[in-house]
Amino acid sequence: TGKSYFRKKSISKVMEDIRYLADEMKAEYLFFWADNFLAYSRQEIDEFCEAYADVKLPFFCQSYPATLDEYKFKRLVDVGLHKINMGMEHGNEEFRKKVIKRIYSNNKAIEQAKILQNYDVQYGLANIVGFPKETPELHMDTVRINRIIQPDTSSCSIFTPFHGTPLRKLAVKLGYMNDDFIAPANSERSLLNMPNFTKDQIYGKARTFNLYVKLPKNRWNDIKKAENNSPEGDRIWEELKQEYFGKFGEAKDDGH
């Protein structure tokens, strides 16, 4: 349309959907699929919490470090917030500002995360690797901020160049992809052909992300070897994965 706008459901419509899920579908847990649930105003959060107090189902929502508001957060915790995911996306301030257009400081993200630590709520950081213009060295800044914040869970998805997004236009402009390519959601491989960050490197960084975040730095040399998609790299990857899950949880089929 050539216009900027902000779209959100009214709280009354949200509650209409919730009551259907709770009463008719017998839901036991709710996941609010909104990029930033805390974009609602304090008044709207109050309205939601007053209505939701009768539902009493635990729920999950998402936000961004820059918009975390302790007043809103505490109100949501009081009515059932069980886990919140924060969209960190990238750990380098300048890259995040200039390329991703997310403008906030790392210090602010770290301070905001301390709010989450004051409540009995699980919290995670959502990260992305393989942005246009990114390099392996830049990606390690994302690892470092996750190591500082130490969320309960971290995820690292591979960048997807969806139609209509400025980052896709940038990728096409730089010659990393053809403009007519249809990007599937949540691809396990990068769709960009970047000279300074290859598809194999991006895949390796994604699959070893949590190893870098949780294991001590004296294991980083081994983790680096596990990035390689080779028999030797896969062997080291499997050994490190078992070590990781032995310390931090049960093993899963995927590595991210």
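The expected span of a helix is 1.5 Å times one less than its number of residues. Keep that in mind for α6, which runs over residues 136-149 and reaches 21 Å from its first C-alpha to its last, close to the 20 Å expected. What you're looking at is a predicted model. The chain has 256 residues, and its secondary structure comes to 11 helices and five strands.

**The chain as a whole**

- A compact globule with 256 residues would have a radius of gyration near 18 Å, and the chain, at 20 Å, agrees with that.
- Lay the C-alpha trace along its principal axes and you get spans of about 55 × 50 × 40 Å.
- Buried residues account for 47% of the chain.
- Take the contacts between residues at least 6 apart in sequence: 67% of them join residues at least 24 apart.
- The accessible surface adds up to about 14200 Å², and carbon and sulfur atoms own 49% of that.
- On the charge side, there are 39 positive and 37 negative side chains. The centres of those two sets sit 6 Å apart.

**Helix α6 and what comes after**

- α6 is 14 residues in length.
- Its buried residues are P136, H139, M140, T142, V143, I145, N146 and I149.
- A bit of helix geometry helps when reading that list: an α-helix has 3.6 residues a turn, so residues three or four places apart point the same way.
- In α6, H139, T142 and I145 are among the buried residues, and so are N146 and I149.
- Right after α6 comes Q150, with a positive phi near 50°.
- Q150 belongs to the loop between α6 and β5, the strand at 153-158.
- Its relative accessibility is 34%, so Q150 counts as partly exposed; the band for that label runs between 20% and 50%.

**Another positive phi**

- K26 isn't a glycine either, yet its phi is positive, near 55°.
- Look for K26 in the loop between α1 (11-24) and β1 (30-31).
- K26 is exposed, because its relative accessible area of 61% is over the 50% cut-off.

**Helix α2 and its neighbours**

- α2 covers residues 42-52, and its buried residues include E44, I45, D46 and F48.
- C49, A51 and Y52 are buried in α2 as well.
- The buried residues of α2 pack against two helices, α1 and α3 (70-78), and against the strands β1 and β2 (59-63).

**D120, out in a loop**

- D120 lies between α5 (106-117) and β4 (122-129), in the loop that joins them.
- With a relative accessible area of 78%, D120 is exposed.
- D120 and L81 are 39 residues apart in sequence, but their C-alpha atoms are 9.6 Å apart in space.

**L170 in helix α7**

- L170 is part of α7, which spans residues 166-173.
- Leaving out residues up to four places away in sequence, L170 touches V99, P132 and K133.
- K225 is 55 residues from L170 along the chain, and their C-alpha atoms are separated by 31 Å.

How values were computed: Residues are numbered from 1 along each chain as its sequence is written. This is a predicted model: local features need pLDDT of at least 70, side-chain atom pairs count only at pLDDT 80 or more; totals for chains, interfaces and linings use all residues. Side-chain values use heavy atoms; hydrogens and water are left out. Helices (H or I, at least four residues) and strands (E, at least two) are DSSP runs, numbered from the N terminus. Buried means under 20% relative accessible area, exposed over 50%, partly exposed in between (1.4 Å probe, protein chains only). The radius of gyration is taken over C-alpha atoms; the globule rule is 2.2 Å times the number of residues to the power 0.38. Contact means heavy atoms within 4.5 Å. Accessible areas come from the Shrake-Rupley method with a 1.4 Å probe; for residues, only the protein chains shown count as cover. Lys and Arg count as positive and Asp and Glu as negative; His and the chain ends are not counted. The place of a charge is taken as NZ of Lys, CZ of Arg, CG of Asp or CD of Glu.
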